[in-house]
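Please read the following as a guided walk, going from whole chains to single charged side chains. It may help to keep the structure open alongside the text.

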Amino acid sequence: MTSPNSVPRRFPGIAIPEPLAKLWTLVVPLVVVWLFSFLASSISQTAAIDLGYALANLIIVVAMWTFIGNSGVLSFGHIAFVAVGAWTLSLLTIPATIKSSIMPDLFPFLSDAQATPLVALAIAAVAGGLVALLSGLALMRLNGLEAGIATFALLMLVVQILTYWKQVGPKAGQSMTGLPRSFDLQTVLLIALLVIALAWLYGQSRSARMLRASRDNIQAAPASGVRVTLHRVIAFTVSGALAAIGGAVWVQLNGVAQASQFSLDFTFTTIAMLVVGGMRSLWGAVVGTLAISALSHALSLLEKGVQLGDFMISLPSGSRLITLGAIMVIILIFRPAGLTGGREAMWPFRPKITRPGAQAAE
Amino acid sequence: MNILQALIDATSTGAVYALAALGIGLVFGVMRLANFANGELITAAGYALIILWPISWPLAIIAAIGVAVALALFMDAAVFRWIRSQPPATLLIASFGVSILLQRVYDGIFGTNVLSAAVAPGLTASIRIGELRVNLISVVSIALGLILLLAVRLFLTRTSMGLQVQAASEDFRAARVLGIRAGSVIALTFAISGVLAAAIAFVLTAQSGSVGPTFGVQVTLFALIGSTIGGLGRLGGSVAGGFLVGFALSLFTTFLPDWINDFRIAFVYLLVAVVLVIAPNGIFASRLSKERT
C-alpha cells in the first residue's frame, strides 16, 4: 500500500518502524470505535440503544469486508450467516420451557440444547463458519455478477428454510421470543473490538494477501500460483463465522428472532455501510458503519421531531431509508471507492523504513 | 390435477417472467447493468393502472406505459449514466440502492398498505375447452409475451436503431467509435424496459387487483435470477432463463406434495445455485455465442 518511491508527506522526519505503522491500521479503528461508543452512550438513552445496534451492524459489516474487501467478489448473501448466528444463539439461550411451548416440533437435540451466552456465541460462530464453508465450496468459483446472484440465492434459501422448517424453528414465519438479554453494552463493545481485531489479523495473513492479489488481477494471480478458489473459501468461512457472531449479538439486543427480518432491507443497509465507507479497507467498513449509524440516529430523532427555537421540525417517517439510499447512490456516483477511498487508516507520517523491494519480499 | 392444465398455467407464468427477463437482459446487454430497480418500474406502472383504471381504462394503459418509460429514463439520467464506466458489481449495488429508495418513496406517497381496484375484470373469466379450464388472463399473458418478444426481436434485427442497440450490446466502446450515439441507444433500451414493465404490471394487476410498494420485487428477483442462469448478456438466454424460472415455480406449486410445498421457493433458489455452479456463465451462454437475438 505504501509505494516506496512516493514523496513523503507533511513531516517526513517522524518515521516509525514498519510493523508499528502496520499496527496503526488496527489501533486507529479500535480507538475510533471505542471513542464513538463512549460518546454515543453518554448522549442519551436512545443513543445508547441505537449504539447497540450500530455495534452489531459494525460486526456484520466488518465480516462482510473480510470477504468482499479482500476478494473483490460481491456477496449479497452474508445476511444468511447473520441469520444462522442469530438462530443458533436463540435456540441455545431461550429457556427450555418457552422453547417447548413455542416450538413443539423442534428436533430433540435442539430442544434439549442449552448453553451460556458466551458459549452460545462461540457455537453460533462455528455454525456460521460451517454454513459458509459448505456453501463456499460450491459458490466460490463464481465471479462478479454471478457470484452476487448466487450468494443472493443462498440468502433466500436460508431464509425460506428458517421460515418453514418446523424442526429447526417456530412454525411458518412466526417469531422466537423469550430471548434473555445477556450482553450489556460493554460486552457488545468488547465483542465488536475483538471482531475488528480478528478481521485485521486475517487481513494480515498470507492467505488474505494472496486473495488481494487475485482481487487486483484475476488473470495474473492464478498464473503466479495463487489458488484463488481455496483462498476465497477460507475468506468466506472466516467471514461467515464473524457475520454469525454479528447476528448472535444483534438478535440478543433485539430480543426476538424472526426469519423475515433477514431480508433485502437488512442486506441493503449493511451493503450501503460498506460501500459508503469504502469496500476495500477495514477502515472503510468501520467509517461507513459509524457514519451511517450516526446519521441514521440523527434522522430518526428528526422523524420524531426536534424543537428548534419556536419551530418544531420533523421529517416524515420513512425519510430515514430514503436518505440512506440517496446517500449511497450519491457516494457511488461521486466517490465510487467510498469515503476512505478504500485505504486503511495510514500512519500520517511516512514510514521511511520502507525499502524498495520490501513489498515484493512480503 | 390435469397435466395439460398445469402446463398452460406454467406457460403463462413463464411468459411474464420471460418479459421481465427480457427487459433486464436488454439493459444488461447494452450497459452491463443488472437492473434490480426494474421491479420499481413495474410497481410504478401498477400504481398507474390501479389508480386510473376506474376512471378510464385507455387512459390507465397509456399512463402506465408513460410512467414506466419516464421513470426508466429518469433512472438512467439521474444515476446510471454517471457510473457507466464502473464494474458491473458496482452498477448492481447502485441499482439495488435505487430499488430500495424508490420502494420507500412509494411508501411515502401511497402508504404501506396495498391499493386495490379491479383491472380488466373481464380477464378473470375462464373458457372451458373439454376438461380444461383456461383463464383468459393466461391467454393474454402468453399472447402479450409472444407479441412483445417478437416485436423486440423485429425491432432489434430490422430497424437501424435496433441494429445500433445490438452493436452497442456486443461491444459498447467499438460501437461508439463507429459513430453510434451511445446516449440515445442507452435511453432507448431503458425506454423499452419501461414498456415491458408496463406490460408485466398489466398482467399482474389483472391477476391480483392490488398494488403495494414491493409489488414488482418478487417477479424481478426471479427474472434477474432467471436471466443470470440463462446467461446474462445473451438476450435469448436471458429470456429462456426467465421463462424457465417462472415455469419451474408454477410447476413446483402445482405438483409438490403438501408437506413440502412451503419449500417451493427454496427449491427454485437451490436450482439456481446448482445451475450456476455447473454452468457459471449460464446454460445458454456457449450455444448462442454467435447468434444474438
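**From chain dimensions to charged pairs**

For a chain of 293 residues, a compact globule would be expected to have a radius of gyration near 19 Å, and chain B, at 19 Å, agrees with that expectation. The coordinates discussed here belong to a predicted model, and every value below should be read in that light. Taken along the principal axes, the C-alpha atoms of chain B fill a box of roughly 60 × 45 × 35 Å, and the secondary structure within that box consists of twelve helices and four strands. Of the 293 residues in this chain, 55% are buried, while the surface that chain B exposes is about 12100 Å², with carbon and sulfur atoms supplying 67% of that area. When contacts between residues at least 6 apart in sequence are considered, 75% of those in chain B join residues at least 24 apart. Chain B carries 16 positive and 10 negative charges, and the mean positions of these two sets are 12 Å apart.

Chain A can be described along the same lines. With 362 residues, a compact globule would have a radius of gyration near 21 Å, and the value for chain A, 21 Å, is in agreement. Its C-alpha trace spans about 65 × 65 × 35 Å along the principal axes, and its secondary structure comes to 15 helices and two strands. Buried residues account for 52% of chain A, and the accessible surface of this chain is about 15500 Å², 67% of which belongs to carbon and sulfur atoms. Of the contacts in chain A with a separation of 6 or more, 80% are made by residues 24 or more positions apart. There are 22 positive and 12 negative side chains in chain A, the centres of the two sets lying 11 Å apart.

How many salt bridges does the structure hold over all chains? There are four, and three residues of chain A, namely Arg215(A), Asp216(A) and Arg280(A), are linked in a network of such bridges. Asp216(A) takes part in both of the pairings described here: with Arg215(A), the closest N and O atoms are 3.1 Å apart, and with Arg280(A), the corresponding distance is 3.4 Å. The pair of Asp216(A) and Arg280(A) links distant parts of the chain, since Asp216(A) lies in helix H9 (residues 206–216) and Arg280(A) in the loop between helix H12 (264–277) and helix H13 (282–304), 64 residues apart. The two arginines differ in their burial, for Arg215(A) is buried at a relative accessible area of 18%, whereas Arg280(A) is partly exposed at 46%.

A further salt bridge joins the side chains of Arg104(B) and Asp265(A), at 2.4 Å from N to O. This pair crosses between chains, running from helix H4 (residues 88–110) of chain B, which holds Arg104(B), to helix H12 of chain A, which holds Asp265(A). Arg104(B) counts as buried, with 16% relative accessibility, while Asp265(A) is partly exposed, with a relative accessible area of 25%.

Lys99(A), found in helix H4 (residues 96–102) of chain A, offers a contrasting case. Is this side chain buried or exposed? Lys99(A) is buried yet has no salt bridge, and the nearest side chain of opposite charge, that of Asp112(A), is 7.5 Å away. Once neighbours within four places in sequence are set aside, the residues in contact with Lys99(A) include Leu91(A), Ile94(A), Pro104(A), Leu106(A) and Leu110(A), and also among them are Ser111(A), Ala113(A) and Gln114(A).

Methods. Residues numbered from 1 in each chain as written. Chains lettered and ligands numbered in written order. Predicted model: local features only at pLDDT ≥ 70, side-chain atom pairs only at ≥ 80, totals over all residues. Heavy atoms only, no water. Buried < 20%, exposed > 50% of the residue type's maximum accessible area, 1.4 Å probe, protein only. Lys, Arg positive; Asp, Glu negative; His and termini not counted. Contact = heavy atoms within 4.5 Å. Rg over C-alpha atoms; globule rule 2.2 N^0.38 Å. Areas by Shrake-Rupley, 256 points an atom, 1.4 Å probe, with all protein chains shown as cover. Charge placed at Lys NZ, Arg CZ, Asp CG, Glu CD.
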